[in-house]
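Me: I'm new to looking at protein models and would like to learn how to read one. Could you walk me through this one?

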Amino acid sequence: MARGKTIAITSAAVVLVAGAAGGGAWWYLHTRGTPQETAERFVGAWQSGDLAGMRAELGTPDPAFATAYDNIRKALAVESTTVRLDGVRETGDGTGRASYTATLKLKDVGEWSYSGDVDLAVVDRHWRVKWSPRAVHPDLTATTAFALKTKWPERAAITSADGDRIDGADGAQVGGSVLQLVGLLEKATAKSAARLGVPYKVGDTVGTSGLQHTFQERLAGTPDTEIELVGPDKKTVKTLGTVEGRTGEGLETTLDMRVQRAAVEAVRDLKKTAALVAIRPSSGEILAVVNNEGGFNRALDGNYPPGSTFKAITAVGLLAEGMSPGDRVTCPKDVTVGGLPIRNSHHAAYGSVSLSDSFAYSCNTTFAPLTKERLSADKLLSTAELFGFNKPLDIGVTAAKGSFPKAESDAELAAESFGQGRITASPLMMASVAAALADGTWRPPTLVPSIKQETQPQALPEAVMSNMHRMMSAVVTKGTAKDAGLPQGTRGKTGTAEYGGQDDLKTHAWFIGFRGEVAFAVIVEEGSGGGAVAAPVAADFLRALG
């Protein structure tokens, strides 16, 4: 009996082992996953740019796999990829096919969509991708690659405020100063094409300076772009698709060509280097920019000591502190402030005068002591910054900001009171100062109205504006500019700015001012004096405007 029990137990064990073996064989022989799941993982990894995830779904590694996807991404400048799985079906014993639609966003070109298939097969009991180059695109082969071919639209125009073309195209007659603003067009080099990126290629027309450079993409638009397959010789094998481009958008400037021509005539015959900038006070719009010599655009990017034109800013500070034009002050031949010896131009002395007359005669020996007594370094700095000093200028081309460092001593404060020391300004900057004095509000100068200015307008102390107009009128009627021939109604301030070493001290001649809706600044390099040299240029300019 004991023996019978033993046999029964053994038989049961044999049955259990056989059942286990049969179940294990069934599990081992069964194919894992589905074609749908494999296809979903593959296209999902493709969409996210996960090459490792895509490679994990391959049945057999292919050395061309990574190269094919890198080529389409780089050659077409693909910014993003969207892949939609359209359907998956089994095509035979252990084979299948997944259909997809890929949409590629190409940088600066647009979107391109196409459809294709990914082959699937069972490999080692798992559904895998049976990869070939045609999985990337139905027409891609092992010997072809992607490329772009572009055709650019006609470049858009740069115009003046009244719509006249000023970029030299279509036979437009414009002067050198305007073309200096507009800038140059040249053939793209390898460096500039790489900087601009796709779709730019060596030889394409690009702006290399001025507004043409700043607004390259806007003016050029985008080209019609053909997506091509090319062979090893770079010749086109097949055109796969076309993305329509976009025509360029024109660029309007604030230049007034009537004002520009008057400015050109005013500086044309000068023997010395000069520049003139005109601005509309009520808006800050730049009406004219002129240099009488090519090369460096000193009108916008020059860094000059403003000289006594800066007294207009100092005077605003003094008036805001309670002084009035009729206050009696002294204008001696010489003074010393903080150890700095100060004199007037030509060693002039006027004795006891009104504040207005000391401004009209441009008395350094009045303004330096008054600034030390009534204005601190902080107050003069804050007054200068009301007029846009130390603020960036965004006009669409390079333009130097006015620089006003805070005085570090009484001597430096005295020098700054009449525009010397470390102060620098361009004619554009000083024209914006004149515009602010005309209107009562400093506005960031504007050349391209579509540029959104980050620097906000700043109102000047309202109570001092009428007094400033009175004092600037006196400069023209009885002061340093009385012999310049300026038209009635002109208000301004002369400046003679010293520069260079003590052994070779030279001067620039300045005049800033306004009349009606035109404010301006004139500089004549190495001019002997603002009243004698720069103010007559302004007179010619204003008379030409009528």
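**Strands first**

Reply: Let's start with one pair: Arg84 stands opposite Thr101 in β2. Keep in mind that this is a predicted model.

Me: How many bridges join β1 to β2, and which way do the strands run?

Reply: Look along β1 (residues 78-92) and β2 (residues 95-106): 12 bridges join them, and the two strands run antiparallel. As a general idea, side chains in a regular strand alternate between the two faces of the sheet.

Me: What happens at the turn in the hairpin of β1 and β2?

Reply: There are two residues between the strands, and Gly94 takes a positive phi near 80 degrees.

Me: Which strand does β2 pair with over 12 bridges in the next hairpin?

Reply: That's β3 (residues 110-123), and the pairing with β2 is antiparallel. One pair to look for is Lys105, whose bridge partner in β3 is Glu111. The hairpin of β2 and β3 has three residues between the strands, and here Asp108 has the positive phi, near 60 degrees.

Me: Now the open sheet. In what order do its three strands come?

Reply: The order is β5-β9-β10, with antiparallel pairing. β5 (145-151) and β10 (236-243) are at the edges with a single partner strand each, so one side of each has no neighbour in the sheet. From one strand to the next, the twist averages 30 degrees.

Me: How many bridges pair β9 with β10?

Reply: Six bridges, in the antiparallel sense, with β9 covering residues 224-230. Try finding Glu228: its bridge partner in β10 is Thr239.

**Then the helices**

Me: How do I read two helices that pack together? At what angle do α11 and α14 pack?

Reply: Look at the angle, the distance between the axes, and then the residues that meet. For α11 (residues 311-320) and α14 (residues 377-386), the angle is about 120 degrees and the axes are 9 Å apart. Their crossing is right-handed.

Me: Which residues meet there?

Reply: From α11 you have Ile313, Thr314, Val316 and Gly317, and they meet Leu380, Thr383 and Ala384 in α14. Sorted by class, this contact has four nonpolar, three polar and no charged residues.

Me: What about α11 and α17: at what angle do they cross?

Reply: Roughly 135 degrees, and the axes of α11 and α17 (residues 465-477) come within 10 Å. The two helices are therefore oblique to each other, and this crossing is right-handed.

Me: Which residues make that contact?

Reply: On the α11 side, Ala312, Ala315, Val316 and Leu319; on the α17 side, Met465, Asn467, Met468 and Met471. The contact divides into seven nonpolar residues, one polar and no charged. Spot Val316: it meets residues of α14 and also residues of α17.

**Buried or exposed**

Me: How many residues of α13 are buried?

Reply: Eight of the 11 residues in α13 (residues 364-374) are buried, so the helix counts as mostly covered. Among them are Asn364, Phe367, Ala368 and Leu370.

Me: And Gly322: is it buried or exposed?

Reply: Gly322 has a relative accessible area of 58%, and the cut-off for exposed is over 50%, so Gly322 is exposed. You'll find Gly322 in the loop between α11 and β14 (328-331).

Me: How far along the chain is Val464 from Gly322?

Reply: They're 142 residues apart along the chain, yet their C-alpha atoms are separated by 9.3 Å.

Notes:
Residues numbered from 1 in each chain as written. Predicted model: local features only at pLDDT ≥ 70, side-chain atom pairs only at ≥ 80, totals over all residues. Heavy atoms only, no water. Axes fitted to C-alpha atoms, helices over the stretch in contact; angles between N-to-C directions. Helix = DSSP H or I, 4+ residues; strand = E, 2+ residues; numbered from the N terminus. Left-handed = near helix turned anticlockwise from the far one by under 90°. Contact = heavy atoms within 4.5 Å. Nonpolar A, V, L, I, M, F, W, Y, C, P; charged D, E, K, R; others polar. Buried < 20%, exposed > 50% of the residue type's maximum accessible area, 1.4 Å probe, protein only. Pairing = 2+ DSSP bridges. Parallel < 35°, antiparallel > 145°, perpendicular 65-115°, else oblique.
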